[in-house]
Structure formats: C-alpha cells, structure tokens
Amino acid sequence: MAHRDPTEVDEATIEETPATEEAESKRVRWTMALTAGVMGLIIGGFAAWATLNLGIASIAFIIAAAGSAYYLYQKQIPSEAIGSGLWISALVMLVLPIAFYLPAIVGTDGAESAEATGTFIGSIAGLLIWGFVFLILAIVVGAIGYFFKRRASKKLNQSSA
C-alpha cells in the first residue's frame, strides 16, 4: 500500500469553471463601491444641509446617499462615477440655498412683529447672497464633473476600439 503525497492533485478531478458574465456581474467591484460610497456621502451631506431647516435632514441624507451611491455604482469606471457624482452635487448645490432659506421666508406664521420682518428680510438677503455663491460653486463643480465624464468617455472608447 503506497502512501500518496497529500499535495499531489489528480488532474482528472479538477473541474474548471469558466468565468461567465453572470458570475462576473455578481462580483463586487470594490473601487466602484468606494468611489460611489464617497460620492454618495458628499451628495447626502449636501442634501442634509439643504433640508436642515425643514426638519428632515437625516431622512434626506439617507435617501440621497443611498440613492446616489447605488446609481453611481452602476457606472463602468470610477472617473465616470466621479463625473456623474459631481454633476449631481452641482444640482444639489443649486437647490441648497432655496431649500435652506425657504422655511424662514414662508414660515412667519402670520406674525407681524419686527422680529418676523427682520427674519424675512434676512432670509431674502441670505437667499440672494448664498444663492449666487452656490451658483458659482455649482458651475465650477459641474465643469470639473464634465472633464471627469469626458475623460471616462475617452477611456471607454479606447477600450472598446
């Protein structure tokens, strides 16, 4: 009775499993997951900030972060996800001052006091000033997102050619 070496493998018993597209699609893409997660946190943070005065900041954060992370994870390469995430961030930046100051503008509760008038005027001034600031920031962030998307498009065109 001959003893077999346990490290020897019989070639006939090895089953080779080809990598199918289905198995590949179920695999987690960690770079995309990290990219989508970070961008989702940024977008969620902006959404929470925008809805802070509405009292739904935590719900807005969860929905925006999870929704945008899921959407961005579906992209093919990280630069495409970053570009799309920056575009989404730019859109949220445009809405941020309006959503932040709107409750203070319309929420005077019918008060006719000097304090209510001051709050109204201060909110209008804040909306105009911060609206302009966030418009400029949104244009810059959107432009950076455009260049990331363009870079991703070039990479995808080179890999398919």
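Let me start with one residue, Thr51: at 12% relative accessibility it counts as buried, because the cut-off for buried is under 20%. This is a predicted model, so please take every value as computed from that prediction. Thr51 sits in the loop between α2, residues 30–50, and α3, residues 57–73. Leaving aside residues up to four places away in sequence, Thr51 touches Ile56, Ala57 and Ala60.

Now the chain as a whole. The protein chain has 5 helices and 0 strands. Reading from the N terminus, the order is α-α-α-α-α. Of the 161 residues, 29% are buried. Among contacts with a separation of 6 or more, 78% are between residues 24 or more positions apart. The chain exposes about 11,200 Å², and carbon and sulfur atoms supply 67% of that area.

Next, α2, the helix that comes before the Thr51 loop. How far apart are the end C-alpha atoms of α2? They are 30 Å apart, and 21 residues at 1.5 Å a residue should span 30 Å, so the two values agree. The buried residues of α2 are Met32, Thr35, Ala36, Met39, Gly40, Ile43, Gly44, Phe46, Ala47, Ala48 and Ala50. In general, an α-helix has 3.6 residues a turn, so residues three or four places apart point the same way. The cover over the buried residues of α2 includes α3 and α4.

That brings us to α4, residues 78–106. Helix α4 has 29 residues and reaches 41 Å from its first C-alpha to its last, close to the 42 Å expected. Where does α4 bend? The bend is at Val95, by about 35°, and a proline, Pro97, follows within four residues.

Val95 also appears on the surface, as part of a nonpolar patch of about 810 Å². The other residues in the patch are Leu91, Leu94, Phe132, Leu135, Ile136, Ile139, Val140 and Ile144. Both α4 and α5, residues 114–160, supply at least two residues each. Which helix gives the most to the patch? It is α5, with 6 residues.

One patch member to look at on the screen is Leu91, which lies in helix α4. Is Leu91 buried or exposed? Leu91 is exposed, because its relative accessible area is 56% and the cut-off for exposed is over 50%.

To recap: Thr51 is buried in the loop between α2 and α3, α4 bends at Val95, and Val95 belongs to the nonpolar patch to which α5 gives the most.

Technical notes. Residues are numbered from 1 along each chain as its sequence is written. This is a predicted model: local features need pLDDT of at least 70, side-chain atom pairs count only at pLDDT 80 or more; totals for chains, interfaces and linings use all residues. Side-chain values use heavy atoms; hydrogens and water are left out. The expected span of a helix is 1.5 Å times one less than its number of residues. The bend at a residue is the angle between axes fitted to the seven residues ending there and the seven starting there. Buried means under 20% relative accessible area, exposed over 50%, partly exposed in between (1.4 Å probe, protein chains only). Contact means heavy atoms within 4.5 Å. Accessible areas come from the Shrake-Rupley method with a 1.4 Å probe; for residues, only the protein chains shown count as cover. Patches are made of residues with over 30% relative accessible area and no salt bridge: like charges are joined within 9 Å, nonpolar side chains (Val, Leu, Ile, Met, Phe, Trp, Tyr) within 5 Å. A salt bridge is a side-chain nitrogen of Lys or Arg within 4 Å of a carboxyl oxygen of Asp or Glu.
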